[in-house]
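Q: Hey, got a minute to walk me through this fold? I'd like to go through the sheet, the helices and the ligand site.

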Amino acid sequence: FEHIAKADEAVHAYLELTEDMAYEAADKIDAAVADGTFSSMGPLAGVPVAFKDNMNLEGTHTTCSSKMLENYVSPYTATCVARCIEAGGIPLGKLNMDEFAFGSSTETSAFGSTKNPWDLERVPGGSSGGSAASVAAGMACMTLGSDTGGSIRQPASFCGIVGVKPTYGMVSRYGVVAFGSSLDQVGPFTRSVEDAAYAMQVLCGYDPLDCTSQHIEADFVDAVKQGVEGIRIGVVPGFMNAPGLTPEVKEKVAEAAAKLEAAGAQIVEVDLPHADAAISAYYVLGPCEAFSNLARFDSVRYGYCEPGLKDLGSQYEESRANGFGMEAKRRIMLGSYLLSAGVYEKYYYPAQQVRRLITQDYERAYEQCDVILAPTSPRTAFKFGEIGDPVEMHLSDIFTVSINIAGNGGMNVPCGLGKDTGLPVGVQLICPQFKDVNMFRAAAALE
Ligand code: GLN
C-alpha cells in the first residue's frame, strides 16, 4: 500500500483501495503459516490481486468508471473475484477503466485517465487500462480485466505484460457488469505466463450462476511445462498487410514465429478470409448488446438520479443525459438506431451472418493448426489525445475483435521493446474454443 500510494499518484490505476479486506486476508495467511496449514491454502495464498471496477466485490464501489454508478456499492461479489479471494488472494482494490469498458485507452473514464507506467504521456490501453498499468508498475501481482473486443489483450501489450482472454464460457461472468453479453469474458493480467497459468487454474470452471459457463478440465500449470514440440502454429499472411500495422510490430511477430519454430513448433500459413469484416460486425453487435444492457441504468433501478425533477420522463432523460459520458452515449444511440425496425434487417442481421462466417473461418483454420500467432495491436501505446476520431480508435482493435466474435481464446505475450518507439510490443496467440492450454504452451516458449 505504501508503494501504491507513491506510484499511483502518477499512474492513477486505482479507484478504491480495500485495505481492511487486504489486512484481514493477510492475517489469515499469517495464521495459517503459524499453525502449519499454509500449504493447504489455495494457489493464490498471499498473492496481492486487484479487480477492474466493473466487477462486484461486496462492500466496495463498483462504478464502471462512470458518473452513473459513482455511488453504487456492491451488495454481492462476482464469481471471478470470489474465486481469487477464496484461493488466498489479497484484495488490494478496484481499478480504473474506460467508462462501461467502452474504449481502447482508458481516456473515457469519468474519473480521469490512467497513465502508462512506461511513459506517463501515453495511454495504458483499454478498456482495462488500470488493470494493466497496476501490474506493470508493480502495484499488484495479478489483476482481473474483462475483454469484449480486446480490452485485456491490447492494454497488456501496451504495458508489456501477459493478458489472457479465455474462450467464451471458460470463466463465469456472474457479477461482472455486462457490456456485450455474447462477447464479454474475464481474464487475468500477470507479469509471467506461469503466473497467468495459476490465475487461469483459479478462474476457470462452471458456475451455476452463469448459464454460459462450462465444465472444462484443463491443466494450465502443466501446459506451460510441456514445450511446443509438434505444435502447429498458424500465421495469417493477410494480417501482415493490415492498415496501420507498424514495422516494429510486424518484426516482433516474425521474430516470435522464428522462436517458436526453433523451439520445435511447425509454422503453417492459414487464411481468415472474412477477418476484414470483423471490426464492422463488432461495432454493430457490440453497441446493440450494450444498448440493451445499459437500459437498466435508468436512475430508478440503478444509477445516478438527477435531483429535483418532477416527472418520471424528465428524470430518465436528465439522469441518463448527465450520468453517461460521451462514448457511452454514442454506443447507446448507435445500438438503439441499429435495433430499430427497418434498420435491424440492414445491419444487425447481416452482422450476425458475418459473425457466423468469421467463426467458420477460424474453425477451418484450426483444421491446419493448434494455435494462431498474430499481432495484438497494430502499434505501441499512443499519446493522450493523439487519437481523437472514434473510428480511428476503433481500428486499434483490428486484431482482437474477431476472437471475441468467434468466442475463441486469445492472449498477449510481451516480446520486448519496439525498435522504433522503444515501447513494449506484444504478440497474440489465439486458440480454438476451450483449447486454451494450447496457447499457454506456445506462450511459455516465447518468454
Ligand atoms: N475497444 C473496444 C471497444 O471499445 C473493446 C472494448 C472491450 O473489450 N471492452 O469496444
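A: Sure, what follows is a quick tour of a predicted model.

Q: Start with the sheet. How many strands, and in what order?
A: It's an open sheet of 11 strands with mixed pairing, and the order is 1-3-2-4-6-5-10-11-9-7-8.

Q: Which strands stand at the edges?
A: Strand 1 (14–17) and strand 8 (266–269). Each has a single partner strand, so one side of each has no neighbour in the sheet.

Q: What's the twist like?
A: From one strand to the next, the twist averages 30°.

Q: OK, strand 4 and strand 6: parallel or antiparallel?
A: Antiparallel: strand 4 (residues 142–147) is joined to strand 6 (residues 185–190) by 5 bridges. G145 sits opposite G187 of strand 6.

Q: And which strands does helix 6 touch?
A: Helix 6 (residues 193–203) packs on the sheet and touches strand 4, strand 5 (162–165), strand 6 and strand 10 (409–417). The direction of helix 6 makes about 145° with that of strand 6.

Q: Switching to helices. How do helix 8 and helix 15 pack?
A: Helix 8 (residues 247–262) meets helix 15 (residues 436–446) at an angle of about 100°, with the axes 9 Å apart. That makes helix 8 roughly perpendicular to helix 15.

Q: Which residues make that contact?
A: A256, K259 and L260 from helix 8, and A442, A445 and L446 from helix 15. By class, that's 5 nonpolar, no polar and 1 charged.

Q: Last one: which residues are closest to the ligand?
A: A101, S104, T148, G149 and S151, out of 13 residues that surround the ligand. The shell divides into 3 nonpolar, 8 polar and 2 charged residues.

Note on methods. Residues numbered from 1 in each chain as written. Predicted model: local features only at pLDDT ≥ 70, side-chain atom pairs only at ≥ 80, totals over all residues. Axes fitted to C-alpha atoms, helices over the stretch in contact; angles between N-to-C directions. Helix = DSSP H or I, 4+ residues; strand = E, 2+ residues; numbered from the N terminus. Parallel < 35°, antiparallel > 145°, perpendicular 65-115°, else oblique. Contact = placed C-beta atoms within 7 Å. Nonpolar A, V, L, I, M, F, W, Y, C, P; charged D, E, K, R; others polar. Near = placed C-beta within 6 Å. Pairing = 2+ DSSP bridges.
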